[in-house]
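Reader: Could you walk me through a few local details of this model? I would love short answers with the reasoning included.

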Amino acid sequence: MRALLRLRRRLPLPLTARLSFSSSEPHEIPTIYSFLQPSIFAPRPRPQPPPPPPPAAHDTAPRKTLPVADGEALESDLLAAVAEDRTDDAWLAFKSLAASSRPPSPPAAAALISHLAGAGGAHHRLGLKRAFAAAVFLLEKSPHAAPVPEPALGALFSALATAGSAAPALALARAMLRCGRRLPAFPVWGHPLIELTRDDAGAFAAFLKVFDEACKLVVGEKALAEAAAMRPDLAACNAVLAGCCRRLGSVADAERVLETMSAIGVSPDVESFGSLAFLYAWRGVSSRVDELDTLLDALGFSKKGFFKNLVSGYLKSSNFESVSSLILRAVKEHRVGYGNVFDQESYSEVAQCFVDHARIRELAQLIIQAQEIELTQQPMSVEDSVGFGIVNACVELGLLNKAHSILDEMTAQGASVGLGVYSSILKAYCKEQKTAEAAQLVAEISATGLQLDAGSYDALIDASMTAHDFPSAFALFKDMREARLPELRSSYLTIMTGLTENNRPGLMASFLDSVVDDPRIEIATHDWNSIIHAFCKVGRLEDARRTYRRMVFLRFEPNNQTYLSLINGYVSAEKYFNVLILWTEVRRKGTEFNHELIDAFLYALVKGGFFDMAMQVIDKAQEFKIFLDKWRYKQAFMETHKKLKVAKLRKRNFRKMEALIAFKNWAGLNT
């Protein structure tokens, strides 16, 4: 806290001396708002020094005294017109009341201003003009304590903010300050003004004067409840402070806001000190940076945001030496397990600024020095290293060539490049399918004696498969196996999936056969099924049969899907005898049949004319209580064997004749 007190003592002026509102500022509606001045709003003259009291009235003609009954009738007309969306009639009623000695009541004023501010379509701009004029008039002329209720003012400020009308909104705020009444709650008007002016230095400077004057009224307010309602909250104060630090770059204005916060009872937080850190780094006020550093230690605040803002400030002033020193300091003070020292935004800012100023060499030196510090600490993940952060930022910014240039510079300086620095570039090459560049980088990595991790290999293999460079994918997978990496499953699936999608069953079979003995890859029946299905799909039935035999030889148990793929392939090629052989083998094994497999066998055997085996299938269906749709097999018989005569068959093969009769009886073909 002593550091904070010293910071305050160094501020040049007390709050009361700086929060005054310039008496030379004009009080009339600026001439740019002449369109807001109907006949009842004549411009107010400037006060002349020595200042006699300004005239009490804005208009030159005496006001008419309106009977109470007439005033009430006009106000009723105004409310009715608002309710019925008759905007012009409501405005005429207001003008009549304003020209008299009886201005509208606060409820009527609220209804009118809210209605005008919310006008849409072609009437939006005119509605805002009228709402502004009405609010300014009522604030300055109405005898009511709160002539425009807060909700109506809030609606008007919000409408002006939405329209991007900073100048009228500031003029309305000045009218509130001039009228001598209690200010509305700060969120009603302050938040819209902050949003309106935060991106415009000139408008923000004007708002800063309004903010100072409003805070002076808060300090002078004796009623605690009213002062609390008028007071800006921490978020608003931080937004104003950030505007001074980041938009205006003014140390004097920022420190004045900091003192104002203290005067109105709002304590600064980490965000407040972050804005100050940015400003002091930008403006090169190193003594204040040191004070903030000490203060954060005393308060027990995290320094992550402090370092981030210092980096941004130093970069804005192109103080690259301080950026590097600060990053190295942050690495030294970093605790393993607390994530990265800086976030991706900071690394992107660093990378972009150094590259824009052609400081690749300095970036390489920074990574080298950071690596030396990181090696002395507890083991950290690759993603938490400074090298990865900077190189990955270059990649994300689309500066892939610059990222590679950083590696070249590190190598030229005789430094060992950590694998983490390589990995993000390698993955980016893979993502963009720049396989030649990726291959070159892999060669560079191998030359340094580094070993790629499984994730990098998988990215390379995926890129090769996407580019249909299957030999490269196989070679990379072989390198993975020889490097004794424990995790091979992901890359194995990448290759198998790519080959399946590209209908390359031959390569699938040879690849699977080459890795089948590797215990790190859990090969199962479905892997073989994929190859068999792919062979059958392209009509390579002999290869499918050989794969099936190889599968059985290696003691992988075929399942129903294996048999279905083979049956469908044989039926497509009208090789029904192969189905007969398969049925004999499957029946001998005692396979657990389901409806789909029974149906496939029966349909194929009927089409092939093997009715004795078909009846065996029917017996199996009855054994397993599987329902069969006889119409399907009757159709298959009629399509293929409708001219088959039992009498001719009896002379040649009595057994086959009996099977045919049995099938026809079962299918209902003899009726």
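Author: Happily, starting with one leucine and its neighbours. Leu 248 touches Ala 201, Phe 204, Leu 208, Gly 243, Asp 253 and Arg 283, leaving aside residues up to four places away in sequence; contact means heavy atoms within 4.5 Å. This is a predicted model, where local features need pLDDT of at least 70, side-chain atom pairs count only at pLDDT 80 or more, and totals for chains, interfaces and linings use all residues. Residues are numbered from 1 along each chain as its sequence is written, and side-chain values use heavy atoms, with hydrogens and water left out.

Reader: Is Leu 248 buried or exposed, or does it count as partly exposed?

Author: Buried means under 20% relative accessible area, exposed over 50%, and partly exposed in between (1.4 Å probe, protein chains only). Leu 248 has 23% relative accessibility, so it counts as partly exposed.

Reader: How far apart in space are Leu 248 and Phe 204?

Author: In sequence, Leu 248 and Phe 204 are 44 residues apart. From C-alpha to C-alpha, the spacing of Leu 248 and Phe 204 is 8.3 Å.

Reader: Which residues in α31 do Tyr 548, Arg 549 and Val 552 in α29 meet?

Author: Helices here are DSSP runs (H or I, at least four residues), numbered from the N terminus. Helix α29 covers residues 541-553 and helix α31 residues 576-589. The α31 residues met by Tyr 548, Arg 549 and Val 552 are Leu 582, Glu 585 and Lys 589.

Definitions and conventions
Axes fitted to C-alpha atoms, helices over the stretch in contact; angles between N-to-C directions. Helix = DSSP H or I, 4+ residues; strand = E, 2+ residues; numbered from the N terminus.
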